[in-house]
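Colleague: Before I plan around this protein, could you take me through its model, one question at a time?

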Amino acid sequence: MGIYSVYIISKAGGLIFSHDMSYPQGEGEVEYSRYPVQGLVLEEVDRNIMLKYGEVQNPEITGQPVIQVGYSLVSINGEPVVNKCLPDGRTALSVIDDPSSFPIKLKFKRLKASINERIMLMSMLHSIYAISVRLSPEEGSKGIQCLEAQHYNINCTQTRTGVKFIVVAGKSQPKVPELLRKIYELYSDYVLKNPFYSLDMPIKCELFTANLVKVLDSYERERGSIYSTTTANN
């Protein structure tokens, strides 16, 4: 996958815009015959029960987990878990902690981050950016421009006014710096020139979003074309 999401952070560190192009979905189910559940540590995050520690490996593919840290509990024995509870009102954690519930089947799924989680994460990224500038041994450092993860990169650029543009993209996505500049141009044309928009406020401009989607689609198609050409040559 190429481009996953786009974020815009205000000068003060608040999330003022987010847009998802796609979000990889993953899910898996595991059965425990005896109490207690071992190897997994669960915690309550907002309205979900999330896997904090541990993972369950795919028995068919060595080294590939089917349940990973960050996945949320979505059902117990086929009963949906909503707002951390089962349909009969029992909390999911109380059921898992009850020996009489075993054997038990737990189904996990990777869910999109809630708006509260996104606000918190972007605030943390804003702080990390500031720390990178402060720690730089060179004058005039522009801070973090790219954070590399195993399967994706977090690309960042900051304007002179302190607004940050973030693109989360796959490692094979080409021309990300150019894409960041293009997003800034759209922001200047459709947001800053909007007489009804106030700085540092959430961006709710349909023209900006519509044109952003067009730009992201064009970069996705370009990536697909490059990938197809490379595959054919190989």
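**Questions on a predicted model**

Modeller: The protein has 4 helices and 13 strands, and please keep in mind that this is a predicted model.

Colleague: How much of the protein is buried, as a share of its residues?

Modeller: A residue counts as buried when its relative accessible area is under 20%. Applied to the 234 residues of the protein, that cut-off gives a buried share of 37%.

Colleague: Among contacts between residues at least 6 apart in sequence, what share joins residues at least 24 apart?

Modeller: A contact here requires heavy atoms within 4.5 Å. Ser 33 offers an example of residues distant in sequence, since leaving aside its neighbours within four places, it is in contact with Phe 102 and Pro 103, and Ser 33 and Pro 103 are 70 residues apart in sequence. For the protein, among contacts between residues at least 6 apart, the share that joins residues at least 24 apart is 54%.

Colleague: Is Ser 33 buried or exposed?

Modeller: Ser 33 is found in the loop between β3 (27-32) and β4 (41-45), and its C-alpha is 4.1 Å from that of Pro 103. Its relative accessibility is nevertheless 55%, and because the class begins over 50%, Ser 33 counts as exposed.

Colleague: How many disulfides does the count come to?

Modeller: A disulfide is a covalent bond between the sulfur atoms of two cysteines, and the rule asks for a pair of cysteine sulfur atoms within 2.5 Å. For Cys 146, the closest cysteine sulfur is in Cys 156, at 9.9 Å, which is too far for a bond. By this rule, the count of disulfides comes to 0.

Colleague: To which accessibility class do Cys 85 and Cys 146 belong?

Modeller: The relative accessibility is 24% for Cys 85 and 36% for Cys 146. The class between buried and exposed runs from 20% to 50%, so Cys 85 and Cys 146 both count as partly exposed.

Colleague: Which element gives the most to the lining of the second largest pocket?

Modeller: The second largest pocket has a volume of about 420 Å³, and of the 16 residues that line it, those closest to its centre are Gln 145, Cys 156, Thr 157, Pro 177 and Leu 180. Two elements, β12 (152-158) and α3 (176-192), give two or more residues to this lining, which by class has 7 nonpolar, 5 polar and 4 charged residues. With 5 residues, the element that gives the most is α3.

Note on methods
Residues numbered from 1 in each chain as written. Predicted model: local features only at pLDDT ≥ 70, side-chain atom pairs only at ≥ 80, totals over all residues. Heavy atoms only, no water. 1 Å grid on protein atoms, 1.4 Å probe; cavity = no way out; pocket = protein on both sides within 12 Å on 5 of 7 lines; lining within 4 Å. Points joined across faces, edges and corners; volume = space filled by probe spheres on them. Nonpolar A, V, L, I, M, F, W, Y, C, P; charged D, E, K, R; others polar. Buried < 20%, exposed > 50% of the residue type's maximum accessible area, 1.4 Å probe, protein only.
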